[in-house]
Amino acid sequence: MQALITITTNGQGSEVVSARDLYEYFALAERFSKWIDRMFEYGFNEGIDYTPYQKVHPLNNQFITDYYLTLDTAKEIAMLQRSDKGKEIRQYFIQYEKRSKELIQQLTRPQSDVEILSNAVLVANRLLAEKEEQIKALVPKAEYVDKVLASDTAITTTVIANELGMTAQMLNTKLCHAGVQYKSGKNYILYAKYQHRGFAMTKTHQYTDKEGKSHTKHYLVWTEIGRKYIHYLYSQDLSWSKPNKQTA
């Protein structure tokens, strides 16, 4: 069966699809945000039928909101389109679930050693095909991250703060309140969950004081990905547009 859309698993092991992938498959003229809000008005519940998450758009590298949809939700949304593409993708989901159930039945019924091995190969091939599709989708993002991390380009907090119309001190305070970084001594450090996302790096500055003694200073600088994430936080929190005078 030819894959019409990528089906993945979430953290709970349930099979899900991307709402944006579904939207792109339908080739709709309506904006995604307006379309998905209208779909959710049909009685779907967050945390049960769909789960929001953030990802980087592969074309403009901006952070955007997407949603993991359960297969049941995806089928209902497909039916709501009242179009040939809606019927086609809904039928695809039905056939996919049918094949999954058949595989489970084959694996749970009494089998000979040959049958067990054969079914294991079928399952492994299917999982491998799904993983290859996921890897293809992630390659553009991975290449972008590699280029950014390999680049010498580093953006200071002051530069980003100027872009947002505030001082570096104000921006540092807001990033601390947002749980992105914390202050240790004179330095700012990213919290663990942000340290491996390519947002920032530590630069070392060597200087000589008035007495001729050499010193080393470490400070945090941002990559382009980190800069875009800070802009995303700013766009999502309107209070950022009114910087306060708290000290970092």
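**Entry 1: the ends of helix 1**

I began with the residue just after helix 1, where Ala27 takes a positive phi of about 55°; I note here that the model is a predicted one. At the N-terminal end of helix 1, I found Ser18 acting as the cap, with a side-chain oxygen lying 3.2 Å from the backbone nitrogen of Arg20. I then looked up how well the helix is covered, and six of its eight residues turn out to be buried, so I describe helix 1 as mostly covered. The buried residues of helix 1 are Ala19, Arg20, Leu22, Tyr23, Tyr25 and Phe26.

**Entry 2: helix 3**

I made the corresponding check on helix 3, whose buried residues are Leu71, Thr73, Ala74, Lys75, Ile77 and Ala78. Just after helix 3, I recorded a positive phi of about 50° for Arg82.

**Entry 3: the nonpolar cores**

Which residues have the most contacts inside the largest nonpolar core? I listed Leu22, Leu69, Ile89 and Phe93, in a core that has 25 residues. I noted that at least two residues of this core come from each of helix 1 (19-26), helix 2 (32-40), strand 4 (63-70), helix 3 (71-80) and helix 4 (84-108). A second core, separate from this one, has 22 residues, and I marked Phe63, Met170, Phe199 and Tyr229 among them. As background, I wrote down that nonpolar side chains tend to be buried together in soluble globular proteins.

I then took Ile89 by itself and left aside its neighbours within four places in sequence; the residues in contact with Ile89 are then Leu4, Ile5, Leu22, Tyr25, Phe26 and Ala78.

For another residue of helix 4, I looked up Ile94. Is Ile94 buried or partly exposed? I entered Ile94 as partly exposed because its relative accessibility is 30%, a value that falls between the 20% and 50% limits. From Ile94 to Leu71 I read a C-alpha to C-alpha distance of 9.0 Å, with their positions 23 residues apart in sequence.

**Entry 4: aromatic pairs**

I counted 19 aromatic pairs. I looked first at Tyr23 and Trp35, whose ring centres are 5.5 Å apart and whose planes meet at 45°, so I entered the pair as tilted. Because Tyr23 lies in helix 1 and Trp35 in helix 2, this pair ties together parts that are twelve residues apart in sequence. I checked the cover of both partners: Tyr23 is buried at a relative accessible area of 15%, and Trp35 is buried at 0% relative accessibility.

The next pair I looked up was Phe63 with Tyr232, also entered as tilted, with 6.1 Å centre to centre and 40° between the planes. Which parts of the chain does this pair link? I placed Phe63 in strand 4 and Tyr232 in helix 8 (residues 224-236), distant parts of the chain at 169 residues apart. Both partners pass as buried, since the relative accessible area is 11% for Phe63 and 13% for Tyr232.

I also traced one aromatic cluster, formed by Tyr23, Tyr25, Phe26, Phe32, Trp35, Phe40, Tyr50 and Tyr67; Tyr23 and Trp35, the tilted pair above, are therefore both members.

**Entry 5: charges over rings**

I looked for charged side chains above aromatic faces and noted Lys85 over the face of Tyr25, at 4.5 Å from the ring centre. I noted likewise that Arg197 lies over the face of Tyr229, at 5.5 Å from the ring centre; Tyr229 is the residue I had listed in the second core.

**Entry 6: Thr173**

I turned to Thr173, which is found in helix 7 (residues 168-177). Thr173 counts as buried because its relative accessibility is 4%. What lies 3.0 Å from a polar atom of the Thr173 side chain? I found the backbone oxygen of Gln169 at that distance.

**Entry 7: the chain as a whole**

I closed with totals for the protein chain, which has eight helices and eight strands. Of its 248 residues, 33% are buried. Among contacts with a separation of 6 or more, I noted that 56% are between residues 24 or more positions apart. The exposed area of the chain is about 15800 Å², and carbon and sulfur atoms supply 52% of that area.

Conventions:
Residues are numbered from 1 along each chain as its sequence is written. This is a predicted model: local features need pLDDT of at least 70, side-chain atom pairs count only at pLDDT 80 or more; totals for chains, interfaces and linings use all residues. Side-chain values use heavy atoms; hydrogens and water are left out. Helices (H or I, at least four residues) and strands (E, at least two) are DSSP runs, numbered from the N terminus. Buried means under 20% relative accessible area, exposed over 50%, partly exposed in between (1.4 Å probe, protein chains only). A polar contact is a pair of N or O atoms within 3.5 Å; within protein, one must be able to donate a hydrogen and the other to accept it, and residues adjacent in sequence count only if both atoms are side-chain atoms. Contact means heavy atoms within 4.5 Å. Accessible areas come from the Shrake-Rupley method with a 1.4 Å probe; for residues, only the protein chains shown count as cover. A nonpolar core is a set of buried Ala, Val, Leu, Ile, Met, Phe, Trp, Tyr and Cys residues joined through side-chain atoms within 4.5 Å. Rings of Phe, Tyr and Trp (its six-membered ring) pair if their centres lie within 6.5 Å; planes under 30 degrees apart count as stacked, over 60 as edge-to-face and the rest as tilted. A charge sits over a ring if NZ of Lys or CZ of Arg is within 6 Å of the ring centre and within 35 degrees of the ring normal.
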